[in-house]
Amino acid sequence: MQKTGIRFLCPCHAGQYDEYGINVGGPPPRPLDTFDAYIQDGNVYIAVLSPRKREK
């Protein structure tokens, strides 16, 4: 049973991440990347071609 926070499980390699994208279990060697988002004409866009490495 989880006591605090939110955990996300990646079924591909059993990676576990917290609600901030920090790797907390399994084999992933680093946190999830972040992406810039912006709103244009009422639509939300994510710049998927420009990932930024997240630091722990």
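Reader: How far apart do the centres of the positive and negative side chains of the protein chain lie?

Author: In this predicted model, the protein chain carries 7 positive side chains and 6 negative ones. Taking the centre of each set, the separation between the two is 10 Å.

Reader: How many helices and how many strands does the secondary structure of the protein chain come to?

Author: Read from the N terminus, the elements of the protein chain follow the order β-β-β-β-β. The secondary structure therefore comes to 0 helices and 5 strands.

Reader: Is the protein chain a compact globule or more spread out?

Author: For 56 residues the globule rule gives 10 Å, whereas the radius of gyration of the protein chain is 14 Å, well over that value. The C-alpha atoms fill a box of roughly 45 × 25 × 20 Å along the principal axes. Because its radius of gyration is well over the rule, the protein chain, set against a compact globule, is more spread out.

Reader: What share of the 56 residues in the protein chain is buried?

Author: A residue is buried when its relative accessible area is under 20%. Among the 56 residues of the protein chain, the share that is buried is 16%.

Reader: What percentage of the exposed area of the protein chain do carbon and sulfur atoms supply?

Author: The area that the protein chain exposes is about 4,800 Å². Of this area, carbon and sulfur atoms supply 57%.

Reader: What percentage of the contacts with a separation of 6 or more is due to residues 24 or more positions apart?

Author: The contacts considered here are those in the protein chain with a separation of 6 or more. Residues 24 or more positions apart account for a share of 10%.

Reader: Why is there no bond between the sulfur atoms of Cys10 and Cys12, and what is the count of disulfides?

Author: A disulfide requires two cysteine sulfur atoms within 2.5 Å. The cysteine sulfur closest to that of Cys10 belongs to Cys12, and at 4.3 Å it is too far for a bond. Seen from Cys12, the closest cysteine sulfur is that of Cys10, again at 4.3 Å. The count of disulfides is therefore 0.

Reader: Which class of accessibility applies to Cys10, and which to Cys12?

Author: The relative accessibility of Cys10 is 28%, so this residue is partly exposed. Cys12 has a relative accessible area of 62%, and its class is exposed.

Reader: Where is Tyr20 placed, and is Tyr20 buried or exposed?

Author: Tyr20 lies in the loop that runs between strand 2 (15-18) and strand 3 (23-25). Its C-alpha is 14 Å from that of Arg52, although 32 residues separate the two in sequence. With a relative accessibility of 56%, Tyr20 is exposed.

Conventions. Residues numbered from 1 in each chain as written. Predicted model: local features only at pLDDT ≥ 70, side-chain atom pairs only at ≥ 80, totals over all residues. Heavy atoms only, no water. Buried < 20%, exposed > 50% of the residue type's maximum accessible area, 1.4 Å probe, protein only. Helix = DSSP H or I, 4+ residues; strand = E, 2+ residues; numbered from the N terminus. Rg over C-alpha atoms; globule rule 2.2 N^0.38 Å. Contact = heavy atoms within 4.5 Å. Areas by Shrake-Rupley, 256 points an atom, 1.4 Å probe, with all protein chains shown as cover. Lys, Arg positive; Asp, Glu negative; His and termini not counted. Charge placed at Lys NZ, Arg CZ, Asp CG, Glu CD.
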